[in-house]
Amino acid sequence: QEEFGRTLSDNQHDHFFVIDKLRSWYNSTASEIIDELSPRIEEFDSVYTLGNSMGGFGAIYFGRQLPKCSAAIAFGAQYSVNPEIVPNERRWKEWRDRIMEWKIPHALSGRDTPLRAHLFYGQPSRDSIHADLYLGNRPPGMSLYMIAGAKHHSAGLMKERGCLTGVLDLIFVRNEGAEVVADFMKDREIDVQLLAATAA
């Protein structure tokens, strides 16, 4: 399913949809995706990545690998689904068991390219183990937001409250920092806690 299509159209961004139909957390598809996208985005002045859940994992990973990428937004992103890194993660077992080679052990693998990254998580949620791992390994430029009552559906809650398009605009177009983004959400009656903030 192509996520965020309507929201991106509302913001009038040109966009490509990337779907890992193997559900391998890009361990089986990353090189093809990079080879396919890199020449296509060379013509753009700026590039951003956006994703939800496994797509959020991809937004962070590819945001650091693709040329000209300056910001990423990830909702409910896993840090890793490798059982050696997150032994307490029990979800998606059918798909995780099919990954034979961990080319991408975690989302911060690969090139260590500077990237503004905004990660949104529902609270309380089983995603907390991933939020904690990002906090503990947080590179410069990464901000985390915890949204009360959203569970694994922070993007859906933000869309319901009418602020998802505005958040994309603040980050991708206006290059605002995390404090401005959090205040914008609070003004729309979203209970959000900023755990780690980086200025624009």
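Contact here means heavy atoms within 4.5 Å. Helices (H or I, at least four residues) and strands (E, at least two) are DSSP runs, numbered from the N terminus. Axes are lines fitted to C-alpha atoms, for helices over the stretch in contact, and angles run from 0 to 180 degrees between N-to-C directions.

This is a predicted model, where local features need pLDDT of at least 70, side-chain atom pairs count only at pLDDT 80 or more, and totals for chains, interfaces and linings use all residues. Residues are numbered from 1 along each chain as its sequence is written, and side-chain values use heavy atoms, with hydrogens and water left out.

**Stop 1: the whole chain**

Show the chain as a cartoon. It has eight helices and five strands. Follow the sequence and you meet them in the pattern α-α-β-α-β-α-β-α-β-α-α-α-β.

Now zoom out. The C-alpha atoms fill a box of roughly 45 × 40 × 30 Å, taken along the principal axes. The radius of gyration is taken over C-alpha atoms, and the globule rule is 2.2 Å times the number of residues to the power 0.38. For 200 residues, a compact globule would have a value near 16 Å; the chain has 16 Å, which agrees.

Among contacts with a separation of 6 or more, 69% link residues 24 or more positions apart.

**Stop 2: the sheet**

Select the strands. In what order do they lie in the sheet? The order is β1-β2-β3-β4-β5, in an open sheet with mixed pairing. Two strands pair if DSSP finds at least two bridges between them. Look at the edges: β1 (47-52) and β5 (192-196) each pair on one side only. From one strand to the next, the twist averages 15°.

Strands of a sheet pair through backbone hydrogen bonds, either parallel or antiparallel. Select residues 47-52 and 69-75. Here β1 and β2 run in the parallel sense, with six bridges between them. Pick out Tyr-48: its bridge partner in β2 is Ala-71.

**Stop 3: two helices on the sheet**

Add residues 54-63, which form helix α3. This helix lies across β1, β2, β3 (116-123) and β4 (142-148). Its direction is at about 155° to β1.

Next, add residues 178-187, helix α8. Helix α8 packs on the sheet and touches β3, β4 and β5. The angle between the directions of α8 and β5 is about 165°.

**Stop 4: the salt bridges**

Switch on side chains. A salt bridge is a side-chain nitrogen of Lys or Arg within 4 Å of a carboxyl oxygen of Asp or Glu. How many salt bridges does this rule give? The count is seven.

Select Glu-89 and Arg-91. Their closest N and O atoms are 2.9 Å apart. Are these residues buried or exposed? Buried means under 20% relative accessible area, exposed over 50%, partly exposed in between (1.4 Å probe, protein chains only). Glu-89 has 4%, so it is buried. Arg-91 has 10%, so it is buried too.

Move to Lys-93 and Asp-97. This salt bridge has its closest N and O atoms 2.6 Å apart. Asp-97 is partly exposed, at 42% relative accessible area.

Then select Arg-174 and Glu-176. Their side chains meet in a salt bridge of 3.6 Å, N to O. Arg-174 is partly exposed at 49%, and Glu-176 is partly exposed at 22%. Finally, add Asp-127 to your first pair: shared partners join Glu-89, Arg-91 and Asp-127 into one network.

**Stop 5: backbone details in the loops**

Select Gln-123 and Pro-124. A cis peptide bond joins them, with omega about 0°. Pro-124 sits in the loop between β3 and α5 (128-136).

Go on to Lys-151, in the loop between β4 and α6 (154-160). Its phi is positive, about 50°, although the residue is not a glycine. Lys-151 is exposed, with a relative accessible area of 55%.

Asn-175 lies in the loop between α7 (164-173) and α8. It has a positive phi of about 55°, and it is not a glycine. Asn-175 is partly exposed, at 37%.

**Stop 6: the surface**

Turn on the surface. Accessible areas come from the Shrake-Rupley method with a 1.4 Å probe; for residues, only the protein chains shown count as cover. The chain exposes about 10200 Å², and carbon and sulfur atoms supply 46% of that area. What share of the residues is buried? Buried residues make up 50% of the 200 in the chain.
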